[in-house]
Amino acid sequence: MKFWFVGVIILILSAHSGVVLAAERQEVSVGAYGFAPYYDMEKGRGIINDVLKQLNDMQKDFEFKLLEIPSRRRYQSFTERKIDMIFFEDPRWSWKGIEHYSLPLKIDDSEVYIAHRKRAKKQSYFHKLEGKRIAGIVGYHYRFAEFKTDEQFLRSKFDIILVNHNQATVRMVLNDRVDVGVVPLSYIRQYLRENPEKNDEILIGDKVDQDYDLRLIANPKAVISKERLTKLVEGLVKKTSYKDLF
């Protein structure tokens, strides 16, 4: 009788332990740096927060958690395994030589030039950058700069001021501290929706610095397998709730 009783207790404890283990999610660390509207460091959130929530709601095995990182250190954070992946990255942005794989995110976005309408009377203003003071972001890759991010190189080739986020770029344009700013098209459209009175002050150039090929960059050694992540992302990008974020 005593052995039967002990056996029942062991079975109950094992079942309970199994429930606890089944409820535990494996953490997947997702890096995010200032790249509004995808992640706005001033607001502490962006589209990425909604994307991660949708991924977490789609399954129960993994917990995708955001980790804020500086843009310049994202490659080091990735190679040191401090983060498992980064959303909204272009493979052309210094990922060559770093072990990774990428998944398409079905996003149509680009980087454009903006200027104050007092300076830019028409689109031809953007045809040449020579002689113009430019505002850009520290750690960003620009086509006009051959996708190089070295600050010494940038300052030797261009009259450029590097700031930490897109809102600072817009402020410098509005305050006549620079002639041209370079920002994501998605960001400046969002900014003008939220600040419609600025439409009469900001001219968006038809000239595009680069068309983004934004993808998810993931570490093959991450806790989630490539096969599982691929299937999740393929399901994610088909969802109406995902498409509505853009």
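**Close-up 1. Strands S4 and S10 pair in this predicted model.** Strand S10, made of residues 215-218, is joined to S4 by four bridges, and the two strands run antiparallel. Look for tyrosine 101, which stands opposite alanine 218 in S10. Stepping back a little, S4 and S10 belong to an open sheet of five strands with mixed pairing, arranged in the order S2-S1-S3-S10-S4. Strand S2 (62-68) and strand S4 (101-104) stand at the edges; each has a single partner strand, so one side of each is left without a neighbour in the sheet. From one strand to the next, the twist averages 30°.

**Close-up 2. Helices H2 and H7 lie across strands of the S2-S1-S3-S10-S4 sheet.** Here we keep the strands in view and add the helices. Helix H2, residues 47-58, lies across strand S1 (26-32), S2 and strand S3 (85-89). The angle between H2 and S2 is about 165°. Helix H7, residues 226-236, lies across S2, S3, S4 and S10. The angle between H7 and S4 is about 20°. Strands S2 and S3 are met by H2, and H7 lies across S2 and S3 as well.

**Close-up 3. Glutamate 68 in strand S2 meets tyrosine 39.** Glutamate 68 is found in strand S2, one of the edge strands of its sheet. With a relative accessible area of 40%, glutamate 68 is partly exposed. Leaving aside neighbours within four places in sequence, the residues in contact with glutamate 68 are Ala32, Tyr39 and Met41. The side chains of glutamate 68 and tyrosine 39 are joined by a polar contact of 2.6 Å. As for methionine 41, its C-alpha is 8.2 Å from that of glutamate 68, while 27 residues separate the two in sequence.

**Close-up 4. A second view shows the open sheet S7-S6-S8-S5-S9.** Five strands build this sheet, and their pairing is mixed. The edges are held by strand S7 (160-163) and strand S9 (202-211), each with a single partner strand, so one side of each is left without a neighbour in the sheet. The twist averages 30° from one strand to the next. Strand S5, residues 110-116, pairs with S9 in the antiparallel sense over six bridges. Within that pair, alanine 115 stands opposite leucine 203 in S9. Helix H5 (residues 166-174) packs on the sheet and touches S5, strand S6 (134-137), S7, strand S8 (180-184) and S9. The direction of H5 makes about 150° with that of S8.

**Close-up 5. Histidine 127 lies in the loop between S5 and S6.** Histidine 127 is exposed, with a relative accessible area of 54%. A handy landmark is glycine 205: from C-alpha to C-alpha, histidine 127 and glycine 205 are 9.1 Å apart in space. In sequence, 78 residues separate histidine 127 from glycine 205.

**Close-up 6. Arginine 119 and aspartate 179 form a salt bridge.** This is one of the 18 salt bridges found in a search of the whole structure. The two side chains meet at 2.5 Å, N to O. The pair links distant parts of the chain, with arginine 119 in the loop between S5 and S6 and aspartate 179 in the loop between H5 and S8, 60 residues apart. The partners also fall into separate accessibility classes: arginine 119 counts as partly exposed at 33% relative accessibility, whereas aspartate 179 is buried at 14%.

**Close-up 7. Glutamate 151 and arginine 155 meet within helix H4.** Their side chains form a salt bridge of 3.3 Å, N to O. Helix H4 spans residues 151-157, and because glutamate 151 and arginine 155 are four residues apart in this helix, about one helical turn separates them. Glutamate 151 is partly exposed, with a relative accessible area of 22%. Arginine 155 is partly exposed too, with a value of 47%.

**Close-up 8. Arginine 215 and aspartate 213 join in a salt bridge.** The side chains meet at 3.2 Å, N to O. Arginine 215 counts as partly exposed, at 21% relative accessibility, and aspartate 213 is partly exposed as well, at 35%. Elsewhere, salt bridges that share partners join Lys118, Arg119, Asp176 and Asp179 into one network.

Note on methods. Residues are numbered from 1 along each chain as its sequence is written. This is a predicted model: local features need pLDDT of at least 70, side-chain atom pairs count only at pLDDT 80 or more; totals for chains, interfaces and linings use all residues. Side-chain values use heavy atoms; hydrogens and water are left out. Two strands pair if DSSP finds at least two bridges between them. Axes are lines fitted to C-alpha atoms, for helices over the stretch in contact, and angles run from 0 to 180 degrees between N-to-C directions. Contact means heavy atoms within 4.5 Å. Buried means under 20% relative accessible area, exposed over 50%, partly exposed in between (1.4 Å probe, protein chains only). A polar contact is a pair of N or O atoms within 3.5 Å; within protein, one must be able to donate a hydrogen and the other to accept it, and residues adjacent in sequence count only if both atoms are side-chain atoms. A salt bridge is a side-chain nitrogen of Lys or Arg within 4 Å of a carboxyl oxygen of Asp or Glu.
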